Amino acid sequence: MNLETATTPKTDIPVHDDSIGTYSYEEFFEAARRFHGYPAPGLMLGGYMMEEARRHIPEDTIFDAISETSWCLPDAVQMLTFCSVGNGWLKIKNLGVYALSLYDKHTGKGVRIRVDPTKLDAWPEVKSWFYKLKPKKEQDTEKLQDEIRRAGASFCSLETIQMKPEVMGHRSKGGITTCPLCGDAYPGSFGAICRACQGEGPYLERESDQNLKVETLPRGLKSVPISEAVGKTAVHDMTRIEPGVSKGPEFFKDHNFSAGDVCRLQLIGKNHIYVDEGDIPEGEWIHENEAAETFGRIMSGDGIVQEGPPREGKVTLVAGQDGILVSNVDMMTGFNLVPDVMVAARKNGTLVKKGTRLAGTRAIPLYISRNNFSKAVSSLDGAPLFKIAPLRKAKVGLLITGDEVFNGLIEDKFEAIITAKVQALGSEVITTLIEPDNRDSIRDAAKALIEDGCDMIITTAGMSVDPDDVTRHGLMDAGVTDLLYGAPVLPGTMLLLARAGEVQIIGVPACALFFKSTSLDLVLPRMLAGQSLTRKDLTAFADGGYCMECKTCTFPKCPFGK
């Protein structure tokens, strides 16, 4: 749940009378039966938890509620307060914990109450029910309800909380749009298509799903044997493949077949060809080339260009400049959920050079229906799917730490390694400082690099768990913010990312002295492209973040970081 607990000690719940809010126990028991279907033990307990939490927030507080379970407890809140799932004042964050929070909707201050496992021994039937120690049919329901009635919330603990800002605020759907696939109206913030069409719907099949079935080719498209091909016109590119040698069009669209072409058709495995004799209904069907060209044009953002006209029904997108490929992955998923179309691309975040092929898109059949074509275009939402974020030319300050280097016991190797990586990406190291493993020295050096005009600082070593490794502490003393320490990448787990105002900071672990490619190689290009990496971004590196440690490193032409 998005909340932070304060340091206030947990409160023991006093012995209570058995009323619940304005209800007597019997009245609430019957009300629960009407509202919930039966007076479930969890609902009765939830009533006591709700009232105990309310007693610990100031009177007249306008509060919201969060339930950490979807079982029973939310219904207690809805029975006893104005908070409901429908009005958005009750949120369910299903962490599987029997806990409830009430908090001031303006300040975020409140209380959290939970079932405390350490207090259940005095209530054996409750403990058995809570931990599911015996099957439901073997539970003594009458004894269980009696223990809950006598205990109330006494086996719960309560603590003060402060909600995170993102949890607070009015729930809003945002703008409403129409799904181009199924036609349902839904909040546009959910994506280019509705969540049901994204695969999150609970239905095996709906009658309206028939609208998503793949449509057949147009009736006016005719198949004729190649013996009748002479004088006919090719309606699509025809591919010739020489295994291990080449693949490409043997005939292009609009080619006029001659007698000499019949043999060539046989050599590429063609016994029949499609011909258009003008019978295809105009406007109802879109040729694969026209569809691919339209898709490619809409998908192309800054720094993306098409590699010539469509070939074999496909458009290839290439990088028009050096930089990082930035893809709208959600939009790409939505597009590929539309029948009869596809797009495939290199991994989002890939470092690319000008002219690199990045993606390909096409209509899958020779002709796509106008209906599916329109759905595909609508799923792109009029926005580019791909763009290239260019790398800025950073002024890098290099801070090398370690007593052994500072005192001249060993020769520094880090400066050459880091400088080469920085220069390869078009930036430069303007200042290098070598400091001992002393947090004050590291603090002062970091400040000095900032004063020297560095807009990126890369520190080396001192990132591990030894007592001498104080680089991280020195940077914190220098006032860095947004500090992230540790990444699920091997090698390079003990990576540090931070910021000092507009100055980006990267802490490189000592393993970069040995391994040619580490976590530094994954984050440096993205930071130079202006991307602010979050903890979530770093965790995404886990999938592909285990280096194979090849004898000859081929990074980035390998799976590392992809």
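Helices and strands are taken here as DSSP runs, numbered from the N terminus. The structure described is a predicted model, and two topics are followed through it: the packing of helices and the pockets.

A good place to start is helix 1, which spans residues 25-36 and packs against helix 3, residues 73-80. The axes of these two helices come within 11 Å and cross at roughly 110 degrees. Angles of 65 to 115 degrees count as roughly perpendicular, and helix 1 and helix 3 are therefore roughly perpendicular to each other. Their crossing is right-handed. On the helix 1 side, the contact is made by Phe28, Ala31, Ala32, Phe35 and His36, which meet Asp75, Gln78, Met79 and Leu80 of helix 3. By class, 6 of the residues in this contact are nonpolar, 2 are polar and 1 is charged.

Helix 1 also has helix 2 as a partner, and here the axes come within 10 Å and cross at roughly 125 degrees. That angle makes helix 1 oblique to helix 2. The crossing of helix 1 and helix 2 is right-handed. Tyr25, Phe28, Phe29, Ala32 and His36 are the helix 1 residues in this contact, and they meet Leu43, Met44, Gly47 and Tyr48 in helix 2. The residues involved divide into 7 nonpolar and 2 polar, with no charged residue. Readers following the side chains on screen may like to look at Phe28, Ala32 and His36, which take part in the contact with helix 2 and also in the contact with helix 3.

Further along the chain, helix 8 (residues 288-299) and helix 10 (residues 370-379) form another pair, with axes that come within 10 Å and cross at roughly 10 degrees. Angles under 35 degrees count as roughly parallel, and helix 8 and helix 10 are therefore roughly parallel to each other. Ala291, Thr294, Phe295 and Ile298 of helix 8 meet Phe373, Ala376 and Val377 of helix 10. This contact consists of 6 nonpolar residues and 1 polar residue, with no charged ones.

Attention now turns to the pockets. The largest pocket has a volume of about 920 Å³. Its lining is made up of 34 residues, and those nearest the centre are Leu351, Leu425, Pro525, Phe555 and Pro556. At least two lining residues come from each of strand 17 (323-327), strand 19 (351-352), helix 12 (414-424) and helix 15 (519-528). Helix 15 gives the most, with 5 residues. Sorted by class, the lining of the largest pocket holds 16 nonpolar, 8 polar and 10 charged residues.

The second largest pocket has a volume of about 710 Å³. It is lined by 24 residues, of which Gly42, Trp71, Tyr98, Trp129 and Lys132 are the closest to its centre. Two or more lining residues are given by helix 2 (41-55), strand 6 (109-115), helix 4 (124-130) and helix 5 (141-151). Helix 5 supplies the largest share of the lining of this pocket, 3 residues. The lining of the second largest pocket divides into 14 nonpolar, 7 polar and 3 charged residues. Helix 2 thus appears in both parts of this account: helix 2 gives residues to the lining of the second largest pocket, and helix 2 meets helix 1 through Leu43, Met44, Gly47 and Tyr48.

Technical notes. Residues numbered from 1 in each chain as written. Predicted model: local features only at pLDDT ≥ 70, side-chain atom pairs only at ≥ 80, totals over all residues. Heavy atoms only, no water. Axes fitted to C-alpha atoms, helices over the stretch in contact; angles between N-to-C directions. Helix = DSSP H or I, 4+ residues; strand = E, 2+ residues; numbered from the N terminus. Parallel < 35°, antiparallel > 145°, perpendicular 65-115°, else oblique. Left-handed = near helix turned anticlockwise from the far one by under 90°. Contact = heavy atoms within 4.5 Å. Nonpolar A, V, L, I, M, F, W, Y, C, P; charged D, E, K, R; others polar. 1 Å grid on protein atoms, 1.4 Å probe; cavity = no way out; pocket = protein on both sides within 12 Å on 5 of 7 lines; lining within 4 Å. Points joined across faces, edges and corners; volume = space filled by probe spheres on them.
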